[in-house]
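Fresh notebook page, coffee at hand. I want to look up how the ligand is held, then check how far the model can be trusted.

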Amino acid sequence: MSVHSSPGSDAASGRKPLTLHTLRAMQQRGEPITMLTAYDATFARLADEAGVDCLLVGDSLGMLLQGHASTLPVTLEEMVYHTACAARGNRSAWLIGDLPFGSYQQGPAQALAASAALMKAGAQMVKLEGGGWTTETVHALTQRGIPVCAHLGLTPQSVHALGGYRVQGRDDEGAATLKRHARELADAGATMLVLELVPSALASELQAELPQLMIIGIGAGPGTAGQVLVLHDMLGATRGKLPRFVRNFLEGAGSIEAAVRAYVAAVKDRSFPDPALHGY
Ligand code: KIV
């Protein structure tokens with residue numbers, strides 16, 4: 001769609017809209033699920049047409065679009081705006097909206113109101129960070145018909161408490177806590193879990209122990225039900241040092257669309273992530 005054409009006037013991707021049911025079927029037949037961040041209509045449309053299964057309107061937009069040093073300043077209003085933009089571009093991918101810092105920490109009532117705002121903007125699922133204290137909230141949301149994606153491991157909204165962007169669950173105690181939190185979140189009704197920057201073996205164990213969760217890894221090795229990358233990272237657009245697990249899919253691809261298609265193909269045929277580059 002260009003600025004001169006109306007929404008829906010492009011050739012459709014031909015794909016049926018993805019649902020939790022179709023994503024679950026992918027997991028059950030061993031087909032890796034692909035997820036990519038998208039913050040606006042153009043990139044949501046492009047990623048959808050390139051075959052990405054899930055789009056995440058991540059609060060990483062605080063750094064990538066707004067130039068903040070972390071995700072902490074992002075507001076609910078901003079997430080609603082970007083979710084609505086991405087939803088207008090998307091046709092068939094499963095769309096997840098991030099609950100930003102400060103929009104659910106007070107508990108279920110606050111989380112319900114914030115989630116409703118994201119769902120009205122077009123999200124089909126909301127994502128929130130953390131374990132333990134979030135269990136009650138996840139239960140309240142899922143009981144009220146709001147699908148939830150949890151987020152454990154490196155949780156960027158807790159960057160100051162964690163002492164930086166570092167690998168989580170490396171020692172026995174950290175791994176045991178992570179496993180307990182994941183089980184509690186699954187029991188509370190979460191259907192998806194983003195698992196960020198944890199040892200590959202731990203991520204594989206978690207996925208084997210909790211098949212009811214579609215675990216989507218980022219820097220968590222190849223043993224999860226799916227993979228997510230940040231759009232700007234996989235296009236080589238992010239400035240500064242990137243983690244080792246990130247691959248620049250634009251290199252040699254020739255176009256952004258080809259890069260996104262290469263990402264989808266690499267996740268589906270399991271040539272990404274590269275275990276040799278995982279490194280922990
Ligand atoms: O906000 C975001 O982009 C995320 C990804 C890193 C998974 O949460």
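Which residues are around the ligand? I am working with a predicted model here, and I listed the shell in sequence order. It starts with Thr37, Leu56, Gly58, Asp59, Ser60 and Asp98. Lys127, His151, Val194, Glu196, Ile218 and Val230 complete the list.

Next I sorted that shell by class. I noted four nonpolar, four polar and four charged residues around the ligand.

Then I looked up polar side-chain atoms facing ligand oxygens. For Ser60, I found a polar side-chain atom 2.5 Å from an oxygen atom of the ligand. Lys127 places a polar side-chain atom 3.0 Å from a ligand oxygen. For Asp59, the distance from a polar side-chain atom to an oxygen atom of the ligand is 3.1 Å.

How much of the ligand's accessible area does the protein cover? I wrote down 96% of the 260 Å² that the ligand has on its own. I also checked the pockets: the ligand takes up the space of the largest one.

Last entry, on confidence. The protein chain has an average pLDDT of 94, and 94% of the residues score at least 70. I flagged residues 1-11, where the pLDDT is below 50. In the model, this stretch has twelve contacts beyond near neighbours in sequence.

Notes
Residues are numbered from 1 along each chain as its sequence is written. This is a predicted model: local features need pLDDT of at least 70, side-chain atom pairs count only at pLDDT 80 or more; totals for chains, interfaces and linings use all residues. Side-chain values use heavy atoms; hydrogens and water are left out. A residue is near a molecule or strand if one of its heavy atoms lies within 4 Å of it. A polar contact is a pair of N or O atoms within 3.5 Å; within protein, one must be able to donate a hydrogen and the other to accept it, and residues adjacent in sequence count only if both atoms are side-chain atoms. Accessible areas come from the Shrake-Rupley method with a 1.4 Å probe; for residues, only the protein chains shown count as cover. On a 1 Å grid over the protein atoms alone, a cavity is a set of points where a 1.4 Å probe fits but cannot get out, and a pocket is an open set with protein on both sides within 12 Å along at least five of seven lines; lining residues have an atom within 4 Å of a point. A molecule sits in a cavity or pocket if more than half of its atoms lie within 2 Å of its grid points. Ala, Val, Leu, Ile, Met, Phe, Trp, Tyr, Cys and Pro count as nonpolar, Asp, Glu, Lys and Arg as charged, and the others, Gly among them, as polar. pLDDT is the predictor's confidence in each residue, from 0 to 100. Contact means heavy atoms within 4.5 Å.
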